[in-house]
Amino acid sequence: MSSPSDVQVLNEAFFDQLATPGMEKNALDSVNEFTRVRVREDGFYRRIVPPVQVSNDDLDRQVDTDKPVIVVDKEPGSPAAISIPFATLPINVYIRGPRYRVMFDRIVTPRFVKDIDELRTWQMDIRQVLSDNAIKDMLAEEDSKFLTAVNSALVGADQTVPTSGVVQWETIFGGITRDTLQESFKIMPKTPSHLEVNTVLVNNVTIREVLKFGRDEVGGDLSQDLLANGWSEANFMNAKFIITIKRDLVPDDRMYHFADPRFIGKSYILEDTTMHVKREAYMIEFFAYETLGGSIGHTGGLAIADFA
């Protein structure tokens, strides 16, 4: 923890940057490292589908929109191999390569305004304020858009997904037990793609149902460790569990299952999180923005389990 005097020095240095030419870049540099760390840690979307930095050279023009777009190739399907008699040739199959596009959008925070003289006596690190009030809101928006797309792709609870022909959002009765957890892990492998669960997203309340497992359910000393130390994000049932406090996005008694990111889709960053800071006379204003895009190219890498 920094002392109040250290924080005041940081705030003064921040104000000094605002008074110099190129103040946007200088202000960004003064919070850059802290901001980037929080962006990577607080949002679960970027952990499930890690984004790739792209530039203008990677963009594709479209006739129906002026938005930045990247067209992504998708693995073509092919019929199964067959046995044929000698001295015969196989039938012709014309090759078609499906594609989908990733469209970019901008996420922006509100523009925060403050009289600079009211900040001079603060004992709080101004960088912390900027990070907490701006960056976390952007991460929540990323996560919200992602889960909205997942829910839409899987149609609804206990309904058949048109792209796979099977149910990928199942209601499993009996609460969260060792048996019902194993049943939930069957949802994704039952699709035509036969994928295995790579990542599980669950909220911090639901995961406590797993902490109730006794030695007869979880096995060995792990039950004791869970009771003594709580849950740590580690591999469990050969999958990585991500715990979130965003219960408004991930409801209680629900688990989102994701395959390896290569079987889900693409996520791109065109302009990473940027903090715009501006001072005019005695007023300071700041807001954060970013430009990124993501698309689900394959529904077979998604599954949802609701425990009842």
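Here is a quick look at one sheet, the model confidence and a few local features of this structure.

This is a predicted model, so to speak of local features we need pLDDT of at least 70, while side-chain atom pairs count only at pLDDT 80 or more and totals for chains, interfaces and linings use all residues. Residues are numbered from 1 along each chain as its sequence is written, and side-chain values use heavy atoms, leaving out hydrogens and water.

On confidence (pLDDT, the predictor's own score per residue from 0 to 100), the protein has a mean of 83, with 77% of its residues at 70 or more. Confidence bottoms out in helix α2 (residues 23-42) at a mean of 46 and is highest in β12, at 98. Over residues 21-40 the pLDDT is below 50, yet beyond near neighbours in sequence this stretch has 42 contacts in the model (heavy atoms within 4.5 Å).

Helices (H or I, at least four residues) and strands (E, at least two) are DSSP runs, numbered from the N terminus. An open sheet of 6 strands runs β5-β12-β9-β6-β8-β7, with mixed pairing; to pair, two strands need at least two DSSP bridges between them. Its edge strands are β5 (169-172) and β7 (235-236), each pairing on one side only. β5 runs parallel to β12 (residues 302-307), joined by 4 bridges, and T171 sits opposite D306 in β12.

Now for backbone angles. Most residues other than glycine have a negative phi. These two have a positive one:

| Residue | Phi | Loop between |
|---|---|---|
| A87 | near 65° | β2 (69-73) and β3 (99-108) |
| D253 | near 65° | β8 (239-244) and β9 (254-258) |

A87 counts as exposed because its relative accessibility is 87%, and D253 counts as partly exposed at 34% (buried is under 20% relative accessible area, exposed over 50%, partly exposed in between, with a 1.4 Å probe and protein chains only).
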